[in-house]
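The exercises below are to be worked with the sequence and the coordinates side by side. Each task is followed by its solution in steps.

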Amino acid sequence: MSEHTHQPESGRTRDLPMARSMCWHCQSEMTGEYFCGRCVKVQPLSKELDYFTCLNLPRKLNLDEQALEETFYALSRSFHPDYYATKDEGEKAISLGNTALLNTAYRTLKDPVQRAEYLIRLEAGSAKDIRTSPPADLFDEILELQEDLDEFRSLSAGESDERRQELLEKLQADRRTLEARKAQMEDRLQEQFGRWDALPTEAEGDADVQTQKDAVLAGMQEILSNRTYVKNIVNDLVAATSPTAEPGRSAWH
Amino acid sequence: MAYSEKVIDHYNNPRNMGSFKKEEDGVGTGIVGAPECGDVMKLQIKVENDTIVDAKFKTFGCGSAIASSSLATEWLKGKTVDQAGQIKNTEIVQELNLPPVKIHCSVLAEDAIKAALNDYKKKADTEGETEAAATPA
């Protein structure tokens, strides 16, 4: 096989919802592949194609990261615009469009938080009315912290050093507490990932499974929402109390 | 997408920023948040004889969220409780020229108004009840 072949490994037929059911070039019927089986022309990905299917992964939350990388690189190569530089405008456009969709799919699934948010959106048909209760206690806490932050920011260095120092220490302690809480939320999210993955996939129309699915989705939604509030206040605390500090590196953004 | 001049004006010169004491008579407090972006908004009204005589807000979020709540407090003043309940997020979108990605900020402001009104009504009811209970039949 030449290095520049655009044909992905054969023998894999998947049920891909393509933009067209016929090859745009030779009009032969498509069997759900990225390339026409007859004339080998690249086919446009459908906008309806979900990211899991696009990357040949099951709709699970603890995903096989190696498989994700491998499929992404293989498809990236086969769609890459550089290989289509000498092709006609139609093929160039398909190559660009497919590459853009593939990149978005990969970025979304690679990040656990975005992956969970995407899955909730995908499944929203069943769980559309997920309305998590507003976390009143958390709001009160955030507002109180913001007041302290406002006061701290208004005190310029040099004057009222004592109060400034006192506030700084309090805010730094608050920051540590909240960072720990954010980590706990991520652990709880991870538990929900496991719960989701354990649910049967082939259970269309099973009301019992649907109820369980909705419960897991709602649980994740609630954790994700609260995590966003905590993340924002932590960012504000970091920015105000350690302007030169590097943000911590973590798989969770 | 650039902010409209009106958003920038409210952001730079927020109207009615601050807070009332929650327990104060006639004060209704609404605290709401947008789970997508993590913005938190507190909006308070002060009611005398069924009319909103003052309103204050504190918003921790983006420029559009601050502008939406600032504008809401301006509109609330002088309205009756019923009139205030009719303020729609679409009116805020129009006034501030909010782009589609910022419409949720105006929704947040409408939610905050509703929450403040509900809190006021709830407080007024329980006060009425305690008064009634305190007065021998």
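**Exercise 1: a long helix and its cover**

Task: find what covers the buried residues of H7(A), and check the span of helix H7 of chain A against its number of residues.

Solution. The cover of the buried residues of H7(A) includes helix H6 (136–154) and helix H8 (207–241) of chain A. Helices (H or I, at least four residues) and strands (E, at least two) are DSSP runs, numbered from the N terminus. The model is predicted: local features need pLDDT of at least 70 and side-chain atom pairs pLDDT 80 or more, while totals for chains, interfaces and linings use all residues. Residues are numbered from 1 along each chain as its sequence is written, and chains are lettered from A and ligands numbered from 1 in the order in which they are written.

Next, list the covered residues: A:Leu171, A:Arg175, A:Gln192, A:Phe193 and A:Trp196 are the buried residues of H7(A). A residue is buried if 20 or more other C-beta atoms lie within 10 Å of its own, exposed if 12 or fewer, and partly exposed in between, with C-beta atoms placed from the backbone.

Last, the span. The expected value is 1.5 Å times one less than the number of residues. Helix H7 covers residues 161–198 of chain A, 38 residues, so it should span 56 Å; its end C-alpha atoms are 55 Å apart, which agrees.

**Exercise 2: two residues of chain A**

Task: is A:Gln192 buried or exposed, and which residues does A:Gln192 touch?

Solution. A:Gln192 lies in helix H7 of chain A. A:Gln192 counts as buried because it has 21 C-beta neighbours inside 10 Å. Leaving out residues up to four places away in sequence, A:Gln192 touches A:Val216, A:Gly219, A:Met220 and A:Ile223; contact means C-beta atoms, placed from the backbone, within 7 Å. A:Tyr229 is 37 residues from A:Gln192 in sequence, and their C-alpha atoms are 19 Å apart.

Task: how do the surroundings of A:Ala93 count?

Solution. A:Ala93 is found in helix H3 (residues 89–110) of chain A. With 14 other C-beta atoms within 10 Å, A:Ala93 is partly exposed. From A:Ala93 to A:Asp174, 81 residues apart along the chain, the C-alpha separation is 51 Å.

**Exercise 3: the domains of chain A**

Task: which domains does the assignment give chain A, and how many residues does each put into the contact?

Solution. Domain 1 is 1–110 and domain 2 is 132–241; the bounds come from an automatic or database domain assignment. The contact takes 5 residues from domain 1 of chain A and 5 residues from domain 2 of chain A.

**Exercise 4: chain B and its contact with chain A**

Task: describe the order of elements in chain B, then its compactness.

Solution. Chain B has 5 helices and 3 strands, in the order α-β-β-β-α-α-α-α from the N terminus on. The radius of gyration of chain B, taken over C-alpha atoms, is 16 Å, close to the 14 Å from the globule rule for 137 residues, so chain B is as compact as a globular protein of that length. The rule is 2.2 Å times the number of residues to the power 0.38.

Task: how many residues of chain B are in contact with chain A?

Solution. 9 residues of chain B are in contact with 12 residues of chain A. On the side of chain B that touches chain A, E1(B) gives the most, with 3 residues. The predictor gives the complex an ipTM of 0.81 and a pTM of 0.78. Chain B averages a pLDDT of 91, pLDDT being the predictor's confidence in each residue, from 0 to 100.
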